[in-house]
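Visitor: Could you take me through one part of this model at close range? I would like to see how a pair of helices packs, and what lies beside them.

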Amino acid sequence: MIAKLTGKAEILDSESIILDVNGVGYKVFVIQKLLESLRAPYSEPRTLFIYTHVRDDALDLYGFATKDELQLFKLIISVSGVGPKTGIHIMDKGVNAITQAVNQADVDFFTTVPRLGRKNSQKIIIELKSKLGSLKELDLTSDTSVTKDVVNALTSLGFSRQEAREALNQVSDQPTLEAKISQAIKLLGKK
């Protein structure tokens, strides 16, 4: 199973690239955002986290710039009726937008994806809603070092990451790291 590849990327078509790894060219399906970033002259090697999809008649590779994107992609294609081709189109929307759409049960967000109807959109929301706890644990948002420090301090005291994040959202107006931690502990202690 291929998990990660590093090499020079060359655009193949509107949905895939060839990643040259020591003279071996791998065809990798990628999201549009990554494809667009490759349009500019780029000579440095790229590292992609790979999902290997095996079928009777093919072996397809799907590449992502981050582990978080790969993890969300795996969750999306775990929904029955959603294959990797549809999953890669969903991933074009972005991790944060997808997470928010699932949290808000926004069916219309998913129906804008090609080859994804209303029924499968509802299925994605229902099945991913229960798995979002594990997504939140991955820290999909780009946290500041202060946010990470507060969350780490609270989890070291025995609170879950989700509890820590919820408390942090309520005390974000505090000026210092110590004040944020202190207020968050007070909030969590009341629960």
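**A crossing and a cavity**

Guide: Happily! Helix α2 passes α3 in a right-handed crossing. Please keep in mind that this is a predicted model. Two packed helices are described by the angle between their axes and the distance between the axes. Here α2 covers residues 67-77 and α3 covers residues 84-91; the angle is about 130° and the axes lie 9 Å apart. The two helices are therefore oblique to each other, because an angle counts as roughly antiparallel if it is over 145 degrees and as roughly perpendicular from 65 to 115.

Now for the side chains and backbone that meet. On the α2 side you will find Glu69, Leu72, Phe73, Ile76 and Ile77, and on the α3 side Pro84, Gly87, Ile88, Ile90 and Met91. Sorted by class, that contact holds 8 nonpolar residues, 1 polar and 1 charged. Glu69 is the charged one, because Glu belongs to that class, while Gly87 is the polar one, because Gly is counted there.

Stay with α3 a moment, and look at Ile88. Besides touching α2, Ile88 helps to line the largest cavity. A search of the whole structure turns up 1 cavity of 30 Å³ or more, and the largest has a volume of about 60 Å³. Its lining consists of Glu15, Phe29, Val30, Gln32, Lys85, Ile88, His89 and Asp92. Helix α3 gives the most to this lining, with 3 residues, and both α3 and strand β3 (24-30) supply at least two. By class the lining has 3 nonpolar, 2 polar and 3 charged residues.

For comparison, turn to another pair, α9 (residues 161-170) and α10 (residues 177-190), whose axes come within 9 Å and cross at roughly 115°. That makes α9 roughly perpendicular to α10. Here too the crossing is right-handed. Glu163, Ala167, Leu168 and Gln170 of α9 meet Lys180, Ala184, Leu187 and Leu188 of α10, a contact of 5 nonpolar, 1 polar and 2 charged residues.

Note on methods. Residues are numbered from 1 along each chain as its sequence is written. This is a predicted model: local features need pLDDT of at least 70, side-chain atom pairs count only at pLDDT 80 or more; totals for chains, interfaces and linings use all residues. Side-chain values use heavy atoms; hydrogens and water are left out. Axes are lines fitted to C-alpha atoms, for helices over the stretch in contact, and angles run from 0 to 180 degrees between N-to-C directions. Helices (H or I, at least four residues) and strands (E, at least two) are DSSP runs, numbered from the N terminus. Angles under 35 degrees count as roughly parallel, over 145 as roughly antiparallel, 65 to 115 as roughly perpendicular and the rest as oblique. A crossing is left-handed if the near helix is turned anticlockwise from the far one by less than a right angle, and right-handed if clockwise. Contact means heavy atoms within 4.5 Å. On a 1 Å grid over the protein atoms alone, a cavity is a set of points where a 1.4 Å probe fits but cannot get out, and a pocket is an open set with protein on both sides within 12 Å along at least five of seven lines; lining residues have an atom within 4 Å of a point. Grid points are joined across faces, edges and corners, and a volume is the space filled by probe spheres set on the points.
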